[in-house]
Amino acid sequence: MVSVNLGLVHYVLDHIYGTVLHRTKLGTPFFSKGWGGTKLDLLERMVKQLFPEARCQNWPPPAVQPVWKTVWETKSSCLREGVFRTTCDPQLIEALPPESHNARVAFLTPKSVLPEKMACVIHLAGTGDHSFERRLRLGGPLLKDNIATMVLESPYYGQRRPSMQHGSKLQCVSDLLLLGKATIDEARSLLYWLQNEAGYGKMGICGLSMGGVHAAMVGSLHPTPIATLPFLAPHSAVVPFCDGLYRHATAWDALREDAAALTQDITSLTEGAAQKSGITLEQVKERLRSVLSLTDVTRFPVPKNPQAVIFVGATDDGYIPKHSIMELQKAWPGSEVRWVTGGHVSSFFLHNDAFRKAIVDALDRL
């Protein structure tokens, strides 16, 4: 009888999925339009302002007053969708595509409990999560624990996706930082609304993969203790885009040509001209690594209550290596790491119960 190493199977499945999705030339790669020019310069300056010392910087955040409509309701629960103007800095609003100026949220709540007697967790989007449905399915069973779910649609995704963008493949490097900065700003405003307008007693923030990185940042910057739950999340965007499977889906030649054009102060260069300019592929990769290091969560402050931080990683993740998750735990002493058996893709489908338990346990520690 042949024994099967299930961990290896999950790891290989991640790579097969990544090969089909990222290595084939069927779709547009990430960053096909280059770096983003002046938008990237602006974002590098603004992201650096998120940290160093000032944990409570820019608090309270800009207020939101979502315009709500009821999608459905039963005797025990209600689902509403809300729209509000993004709470980004005006300079960032100008940099965002018009389609991303209005934020959308779904809000699933139990009806029989007052907000001050229950908790609410904001769920942030992972790469490719363009709708509310998957995160609502994750949050739905938590209603029995008197935990409401708020799902934020990210800029560049869903109804906020630019018309020229294909799927989840962002066109410029600046788009990735814009998506992250806007998501952080909007999530912080929603947390403030939940506490001060809706009156929730406990709050949390969670996300899968890219959403987990953003959740960690939001939890770090929040001035009071909240449950913080990064699921299957790296410590930095450098991990998937420079070292992991996304490197096969990155338009390196376009980034090199764009870098050469900026260096030569001309509007465009062919690949051959880019090579003649002296800019090497390794230099381009190092530049991307430097830019994406701005997303390194280990540089962010330790959350107010690190015991309410639970990282969940997969034992055989082909996208996110174990050492990246352990770097997060090391940077935030007192936080906890839990492991689920499987790969990155399979864990999205197989371990919702483990994610829900982490949410309940983290909220109980507040």
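1. Buried here means under 20% relative accessible area, exposed means over 50%, and partly exposed is in between, with a 1.4 Å probe and protein chains only. By that yardstick Phe30 is buried, because its relative accessibility is 3%. Its neighbour in the numbering, Phe31, is buried as well, at 0%.

2. A word on what you're looking at: this is a predicted model, where local features need pLDDT of at least 70 and side-chain atom pairs count only at pLDDT 80 or more, while totals for chains, interfaces and linings use all residues. Residues are numbered from 1 along each chain as its sequence is written, and side-chain values use heavy atoms, leaving out hydrogens and water.

3. Have a look at the backbone of Phe31: phi is positive, about 65°, although this residue is not a glycine. Phe31 lies in the loop between helix 1 (6–23) and helix 2 (38–48). Helices (H or I, at least four residues) and strands (E, at least two) are DSSP runs, numbered from the N terminus.

4. Ser209 also deserves a glance, with a positive phi of about 60° despite not being a glycine. You'll find Ser209 in the loop between strand 6 (202–208) and helix 6 (210–221). Its relative accessible area is 10%, so Ser209 counts as buried.

5. Now the rings. Those of Phe, Tyr and Trp (its six-membered ring) pair if their centres lie within 6.5 Å; planes under 30 degrees apart are stacked, over 60 edge-to-face, and the rest tilted. The structure has 13 aromatic pairs. One of them joins Phe30 and Phe31, which are tilted because the planes meet at 45°, with the centres 5.8 Å apart.

6. Trp59 and Tyr192 make an edge-to-face pair, since their planes are at 85°; the centres are 5.7 Å apart. This pair links distant parts of the chain, 133 residues apart: Trp59 is in the loop between helix 2 and strand 1 (67–73), and Tyr192 is in helix 5 (residues 173–196). Trp59 is partly exposed at 24% relative accessible area, and Tyr192 is partly exposed at 25%.

7. Which residues do ring pairs link into a cluster with Phe30? They are Phe31, Phe241, Tyr246 and Tyr319.

8. Finally, charges over rings (NZ of Lys or CZ of Arg within 6 Å of the ring centre and within 35 degrees of the ring normal). The charged end of Lys169 sits over the ring of Phe30, 5.5 Å from its centre. Lys285 places its charged end over the ring of Trp252, 5.5 Å from the centre of that ring.
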